[in-house]
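Trainee: I would like a close look at one part of this model, the surroundings of the ligand. Please take me through the site step by step, with the cut-offs behind each term.

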Amino acid sequence: MKTSIIASPSVTRHILTKYKLIAKKKLGQNFLIDPSVVEKIAAAAELTPNDRVLEIGPGIGTLTQGLAESGAEVVAVELDQRLIPVLGNTLADYPNVKVMQGDILEMDIPKLISGPFKCCANLPYYITTPIIFALLEQNLAWERLVFMVQKEVAERIVTEPGGKDYGALSVTMQYYTEPQIAFTVPPSSFIPAPNVESAVLVCKKREKSPVELKSLEIFFKVVEAAFSVRRKMLHNSLKNYEKFNDSQVEAWLERADIDGNRRAETLSLEEFARLANAVE
Ligand code: SAM
């Protein structure tokens with residue numbers, strides 16, 4: 001007999017009671033209980049039996065089950081030791097799932113999953129940004145990211161230059177991908193219900209870099225420096241940063257033809273690239 005669908009209030013409560021589990025707030029544990037959300041996330045990942053998918057934080061296996069039903073090979077990394085035996089049980093019918101215990105931020109991802117892969121997760125909200133930066137900056141072979149995050153974070157990621165929420169996370173994500181909000185999810189779709197609305201982001205890796213760069217490392221250094229002091233004019237935020245000095249900063253801004261009185265949140269990807277390429 002196939003395992004029953006985990007994504008329901010009654011099955012989730014039954015599992016939590018059976019294993020005497022109380023969701024840990026500090027690990028961002030909000031378990032999905034809406035099967036239509038699981039289906040929509042799995043569909044957004046566009047999985048085939050030939051795919052490999054990395055899931056971060058499988059919890060009790062709710063989304064994992066939806067991903068595994070596609071026939072794809074699933075590697076799921078869960079930090080909470082208590083959930084490992086639970087997953088062994090709830091996912092027993094899926095030989096295509098491998099569960100690993102550990103902190104995703106400490107793991108050597110190419111060792112976990114070889115070749116191109118997709119990454120799909122209902123992310124633990126307390127470490128959304130570090131996880132995204134880790135995946136983006138390590139030059140990993142991911143092709144598509146499908147993440148449930150706080151709605152406010154999703155909006156920050158897709159926002160255009162000029163908005164107050166536009167920041168280093170938006171620039172970085174938009175450099176690597178074309179992020180889109182696929183749909184929003186209310187707190188009532190989880191046990192326990194979080195205090196915030198959630199949204200599912202779909203980010204397909206760009207085939208080609210959207211801007212020409214002399215050095216990716218310098219580009220991200222400049223972006224980090226520019227946003228290091230929010231709401232400051234560029235010539236101040238840049239020169240307050242690490243080893244960048246006044247005369248260097250003025251020369252770069254001039255060479256890039258960017259007004260130093262502007263603020264970082266008004267710069268487009270193309271302007272950040274011009275500025276980074278002006279750095280010697
Ligand atoms: N995927 C499940 C679902 O949709 O119901 C659970 C999602 S819950 C929002 C986030 C999960 O991430 C929890 O199971 C939590 O224990 C796990 N987690 C938290 N920090 C982690 C980390 N650093 N590495 C791996 N998993 C982590």
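Mentor: Happy to; what follows goes from the ligand outwards to its cavity and then to the other spaces.

This is a predicted model, in which local features need pLDDT of at least 70 and side-chain atom pairs count only at pLDDT 80 or more, while totals for chains, interfaces and linings use all residues. Residues are numbered from 1 along each chain as its sequence is written, and side-chain values use heavy atoms, with hydrogens and water left out.

Let's start with the shell. There are 24 residues around the ligand, and those that come nearest are Leu-32, Gly-57, Glu-78, Asn-122 and Tyr-126; a residue counts as near if one of its heavy atoms lies within 4 Å of the molecule. By class, the shell has 12 nonpolar, eight polar and four charged residues. Here Ala, Val, Leu, Ile, Met, Phe, Trp, Tyr, Cys and Pro are nonpolar, Asp, Glu, Lys and Arg are charged, and the others, Gly among them, are polar. Strands β1 (31-32) and β3 (73-78) each give the shell at least two residues; strands (E, at least two residues) and helices (H or I, at least four) are DSSP runs numbered from the N terminus.

Now for the polar contacts, which are pairs of N or O atoms within 3.5 Å; within protein, one must be able to donate a hydrogen and the other to accept it, and residues adjacent in sequence count only if both atoms are side-chain atoms. The side chain of Asn-122 places an N or O atom 2.8 Å from an oxygen atom of the ligand. For Tyr-126, a side-chain N or O atom is 2.8 Å from a ligand nitrogen atom. Leu-79 uses its backbone instead, with an N or O atom 3.4 Å from a nitrogen atom of the ligand. The protein buries 99% of the 590 Å² that the ligand exposes when taken alone, with accessible areas from the Shrake-Rupley method with a 1.4 Å probe.

Where is all this? The ligand sits in the largest cavity, meaning that more than half of its atoms lie within 2 Å of the cavity's grid points. On a 1 Å grid over the protein atoms alone, a cavity is a set of points where a 1.4 Å probe fits but cannot get out; a pocket is an open set with protein on both sides within 12 Å along at least five of seven lines, and lining residues have an atom within 4 Å of a point. The largest cavity has a volume of about 330 Å³, where a volume is the space filled by probe spheres set on points joined across faces, edges and corners. Of its 27 lining residues, Gly-28, Gly-57, Glu-78, Asn-122 and Pro-124 lie nearest its centre. Two or more lining residues come from each of β1, β2 (52-56), α3 (62-68) and β3. The lining has 16 nonpolar, eight polar and three charged residues.

Two cavities reach 30 Å³ or more. The second largest has a volume of about 50 Å³, and its lining has eight nonpolar residues, one polar and no charged. Helix α6 (residues 128-137) gives the largest share of that lining, three residues.

Finally, there is an open space. The largest pocket holds about 270 Å³, and among its 13 lining residues Lys-25, Gly-28, Asn-30, Pro-194 and Asn-195 are closest to its centre. Its lining comprises seven nonpolar, five polar and one charged residue.
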